Amino acid sequence: MRYAEFLGFGEIHTKIDEKTGLKAIIAIHNLNRGPAIGGCRMITYKTVDKAYEDAMRLAHMMSFKAAINNLSHGGAKAVLIKPKVIKDREAYFEKFGEFVNDLGGRYITAVDSGTSPQEMDIIARRTPFVTCTTKSGAESDPSPLTALGVRRGIQAAVKFKLNRDSLEGIHVVIQGAGHVGYHLAQELHKLGAKLTIADVNLKALQRCIDELNVNVCHPDEVYSLEADVFAPCALGSILNLNTINQLKAKIIAGSANNQLAHHHYGALLHERGILYAPDFLINAGGLIHVAVIYDHGDLKKSMEQINNIYNTVYDIFERSAHENRATNEIAEKIARDRLR
């Protein structure tokens, strides 16, 4: 309850169904801008407390993503505590669909870790408040759309910091060659950027080497490499006193959530003259796509809004320079003001 209060909630709903084995949490952070939207993840949790914490943390971030990108939605997240065995998968997800429907449209569910469009199809039998179905037009894998938004953020940062309209020859160090990191590398490679990638997953790393002819480095070296851009696309909380003191990149712009280990480290980056593109702004491509498809069914409009991340983040860079304040502080203030 203290954590929920700290994050500014909101509503937290729980559903337990003994027959199907469903143990579900829906955290609705904010409804001031419209119905809350957020993915439904089904993973294993060590404790129920961890499940609640995950749902609340992610819902809070979804509110910020929606608000900063001017979507007519609040943020939410559903968490299904994955049982050891699901005896009847269809009954399980139909019961979750009933849970969503009981909330009367305050929450719209979507694909997340552990779920797919096939599960969304089952949920849609019991509620209209669902997207990412096989018929909705929303991509089952949001990674390419997230990568597009991050690439637009990098382009805005390069223009602002280096006064370059092109990414040709720009050196980008990507931390993480997973889904988004790989697609971001593809985007940047097409535009002529020089790429260095680090990942503990050697198979994912080899794919980037084979397809994109990238350079590689040890995961511990990513912070200290001379580069134009550092793109964190793996774990969160990687920007702390130790790593910030190692940084030699001029720009930080990546897809990882919660990159700053503490809110105040944004000010430290600002003092050091490192331009930080707020993560919850530039990594919102997947959310933008899902929301626009649900609201308008318009793929062109979705792509326009994702591409508009460039303008939004550039305006924040200008305001940061004018007010001499950290970019994350400005972005968070804009989001909070819009959520009111």
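Two strands are taken to pair if DSSP finds at least two bridges between them. In this predicted model, strand β6 (residues 171–175) and strand β7 (residues 194–198) meet that condition, pairing in the parallel sense over five bridges. Within this pairing, H171 stands opposite K194 of β7. Strand β6 also pairs with strand β9 (residues 229–232); the two run parallel and are joined by four bridges. Here Q175 of β6 is the residue that stands opposite P232 in β9. The connection between β6 and β7 involves helix α6 (residues 179–190), and the three elements make a right-handed β-α-β unit.

Strand β6 is mostly covered, with five of its five residues buried. The side chains divide between two directions: H171, V173 and Q175 point one way from the strand, whereas V172 and I174 point the other way. Residues on both sides of β6 are buried. H171 and Q175, which stand opposite K194 and P232 respectively, thus belong to the group that shares a direction with V173.

Helix α2 (residues 48–68) was examined for its length and its cover. At 1.5 Å a residue, the 21 residues of α2 should span 30 Å, because the expected span is 1.5 Å times one less than the number of residues. The end C-alpha atoms of α2 are 31 Å apart, which agrees with that expectation. The helix is mostly covered, as 15 of its 21 residues are buried. Just after α2, N70 takes a positive phi of about 60°.

Helix α2 also takes part in a salt bridge. The side chains of R41 and D54 meet with an N to O distance of 3.1 Å. R41 lies in strand β3 (residues 36–43) and D54 in α2, so the pair ties together parts that are 13 residues apart in sequence. Both partners fall under the 20% limit for burial: R41 counts as buried at 15% relative accessibility, and D54 is buried with a relative accessible area of 8%.

In total, the structure holds 20 salt bridges. One of them joins the side chains of E11 and R106, at 3.2 Å from N to O. This pair links distant parts of the chain, 95 residues apart: E11 belongs to strand β1 (residues 11–17), and R106 to the loop between α3 (89–102) and β5 (107–111). E11 is partly exposed, with a relative accessible area of 21%, and R106 is likewise partly exposed, at 31%. In a further salt bridge, between K159 and D165, the closest N and O atoms are 3.1 Å apart. K159 is partly exposed, with a relative accessible area of 22%, whereas D165 is exposed, at 67%. Salt bridges with shared partners also join E90, E94, K95, E98, R125 and R126 into one network.

Aromatic contacts were considered next. A pair of aromatic rings is described by the distance of the centres and the angle of the planes. The structure holds seven aromatic pairs. For F160 and F317, the ring centres are 5.6 Å apart and the planes lie at 40°, so the pair is tilted. F160 is in helix α5 (residues 143–162) and F317 in helix α13 (residues 309–323), so this pair ties together parts that are 157 residues apart in sequence. F160 is partly exposed, with a relative accessible area of 29%, while F317 counts as buried at 1%. The rings of Y310 and Y314 have their centres 6.2 Å apart and their planes at 5°; the angle is under the 30 degrees required, so the pair is stacked. Y310 and Y314 both lie in helix α13, four residues apart, about one turn of the helix. Y310 is buried, with a relative accessible area of 19%. F160, Y310, Y314 and F317 form one aromatic cluster.

A contact between a charged side chain and a ring is found at Y182. R207 lies over the face of Y182, at 3.5 Å from the ring centre.

Terms used:
Residues numbered from 1 in each chain as written. Predicted model: local features only at pLDDT ≥ 70, side-chain atom pairs only at ≥ 80, totals over all residues. Heavy atoms only, no water. Phe/Tyr/Trp six-rings, centres within 6.5 Å; stacked < 30°, edge-to-face > 60°. Buried < 20%, exposed > 50% of the residue type's maximum accessible area, 1.4 Å probe, protein only. Lys NZ or Arg CZ within 6 Å of the ring centre and 35° of its normal. Right-handed = clockwise from strand over helix to strand, strands pointing away. Salt bridge = Lys/Arg side-chain N within 4 Å of Asp/Glu carboxyl O.
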